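Biologist: I'm new to this one, so please pick one part and walk me through it up close. Plain language is fine, as long as you explain your terms along the way.

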Amino acid sequence: MADDEIILEDLSDEELVQQMHDDLYDGLKEEIEDGTRILLKRGWTPYDILTQALVEGMRIVGIDFRDGILFVPEVLLSANAMKAGMTILRPLLAETGAPKLGKMVIGTVKGDIHDIGKNLVGMMMEGAGFDVVDLGINNPVENYLEALEREQPDILGMSALLTTTMPYMKVVIDTMKEKGLRDDYVVLVGGAPLNEEFGKAVGADAYCRDAAVAVETAKDYMRRKHNQLAAG
Ligand code: B12
């Protein structure tokens with residue numbers, strides 16, 4: 001054992017979270033899995049682990065990626081480590097026993113392979129009681145339309161992380177309009193480069209900054225839908 005090897009169990013919560021940021025940065029999958037399990041054992045909620053250890057760690061990776069300190073292969077390792085942590089948390093988030101609120105189809109748009117944020121939104125929506133059908137990455141408009149037809153969801157969610165792919169959301173929404181389908185669904189959009197104004201401009205019902213806002217917004221729309229049905 002190297003002298004400087006760190007025993008995760010021996011760290012305080014604060015030190016462990018800090019160490020997990022470093023391990024995520026270094027793309028250390030097993031360490032992230034261990035850290036996630038230790039925090040769970042210490043009574044942390046899956047949501048706190050997600051946001052404080054994993055998402056915050058990825059935010060730091062993002063800064064150094066932007067600044068040319070980290071490159072794609074390294075960030076891929078970080079992403080894999082993050083996903084390993086999310087895999088442990090997913091069943092716990094989905095296990096809340098919340099009553100079924102509705103159904104969502106979600107996918108990353110054509111040309112874009114970023115899926116961590118989309119997966120996180122899917123997990124949180126499941127945890128809140130939505131059935132989630134995940135179309136994965138790089139989805140052309142046909143995939144969305146087929147899934148809407150097949151799954152008859154209440155909500156369509158689209159994710160984009162690149163300024164070059166986010167305009168594709170408008171292609172999907174415009175096609176839905178052409179086919180007379182737009183008003184049958186609540187369309188939520190998200191991804192780091194988007195904002196409220198963009199959401200409005202492409203004709204989405206709402207832009208959601210993060211997974212927690214996505215859940216609240218989705219619940220809100222479902223409440224309105226039920227009230228309308230009750231009134232009508
Ligand atoms: C990880 C990462 C990668 C990984 C992706 C791995 C994976 N499986 O996802 C890899 C290494 C593959 C990658 C590749 C590339 N990347 Co990249 N990547 C990132 C990075 C560092 C983190 C993204 C992430 O996972 N964040 C963590 C999650 C939790 O946050 P999030 O995605 O924003 O999601 C949250 C919200 O946005 C929201 N949300 C997201 N989706 C949705 C959907 C709905 C419906 C709702 C309601 C909400 C919602 O909720 C989420 C949870 O809270 C970002 C940096 C950044 N600041 O975003 C760059 C970044 C997005 N990448 C960038 C670039 C340039 C690229 C490449 C072009 C690099 C290259 N030269 O090849 C390629 C493009 C590949 C492609 N065609 O898609 C740029 C984009 C710049 C721009 N303006 O367009 C960024 C911003 C980095 C930078 N500053 O330069 N990348």
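Modeller: Let's start with residues 101–232, where the chain is 48% helix and 18% strand, and the C-alpha atoms at the two ends are 20 Å apart. Helices (H or I, at least four residues) and strands (E, at least two) are DSSP runs, numbered from the N terminus. UniProt, in an unreviewed entry, gives that stretch the feature "domain: B12-binding". Positions from UniProt follow the numbering used here, with feature names shortened, and its annotations may be inferred rather than shown by experiment.

Keep in mind that this is a predicted model: local features need pLDDT of at least 70, side-chain atom pairs count only at pLDDT 80 or more, and totals for chains, interfaces and linings use all residues. Residues are numbered from 1 along each chain as its sequence is written, and side-chain values use heavy atoms, with hydrogens and water left out.

Within that stretch, take a look at Ala-206, which lies in strand S5 (residues 206–207). Ala-206 has a relative accessible area of 14%, so it counts as buried. Buried means under 20% relative accessible area, exposed over 50%, and partly exposed in between (1.4 Å probe, protein chains only). Skipping neighbours within four places in sequence, Ala-206 is in contact (heavy atoms within 4.5 Å) with Val-187, Leu-188, Val-189, Thr-217 and Tyr-221. Val-187 is 19 residues away along the chain, yet its C-alpha atom and that of Ala-206 are separated by 6.8 Å.

Tyr-221 has another partner too: the charged end of Arg-224 sits over its ring, 4.6 Å from the centre. A charge sits over a ring if NZ of Lys or CZ of Arg is within 6 Å of the ring centre and within 35 degrees of the ring normal.

Two residues in loops here have backbone angles to check. Asn-138, in the loop between strand S2 (130–134) and helix H6 (141–151), has a positive phi of about 55° although it is not a glycine. With a relative accessible area of 40%, Asn-138 is partly exposed. Past H6, in the loop that leads to strand S3 (155–159), lies Gln-152. Gln-152 isn't a glycine either, and its phi is positive, about 45°. At 52% relative accessible area, Gln-152 is exposed.

Now the close-up: helix H3. Its 21 residues (46–66) should span 30 Å at 1.5 Å a residue, and the end C-alpha atoms are 28 Å apart, which agrees. The expected span is 1.5 Å times one less than the number of residues. H3 bends by about 30° at Val-55; a bend at a residue is the angle between axes fitted to the seven residues ending there and the seven starting there. After H3 comes Gly-68, with a positive phi near 75°.

The buried residues of H3 include Ile-49, Leu-50, Ala-53, Leu-54 and Gly-57. An α-helix has 3.6 residues a turn, so residues three or four places apart point the same way. Packed against the buried residues of H3 are helix H1 (13–25), helix H2 (29–41), helix H4 (72–94) and helix H5 (116–128).

Ala-53 shows this packing at the level of one residue. Ala-53 is buried, at 1% relative accessibility. Beyond four places in sequence, Ala-53 touches Val-17, Met-20, His-21, Leu-39 and Asp-48. Ala-53 and Gln-19 are 34 residues apart in sequence and 9.0 Å apart in space, C-alpha to C-alpha.

Gln-19 belongs to H1. Its relative accessible area of 15% makes Gln-19 buried, and outside its four-place neighbourhood it touches Ile-6, Leu-8 and Leu-11. H1 has 13 residues and reaches 18 Å between its end C-alpha atoms, close to the 18 Å expected. What covers the buried residues of H1 includes H2, H3 and H4. Just after H1, Gly-27 takes a positive phi of about 70°.

H4 has 23 residues and reaches 31 Å from first C-alpha to last, close to the 33 Å expected. H4 has a kink of about 35° at Ile-88, shortly before the proline Pro-91. Ile-88 is one of the buried residues of H4, along with Ala-81, Met-82 and Leu-89 among others. The cover over the buried residues of H4 includes H1, H2, H3 and H5.
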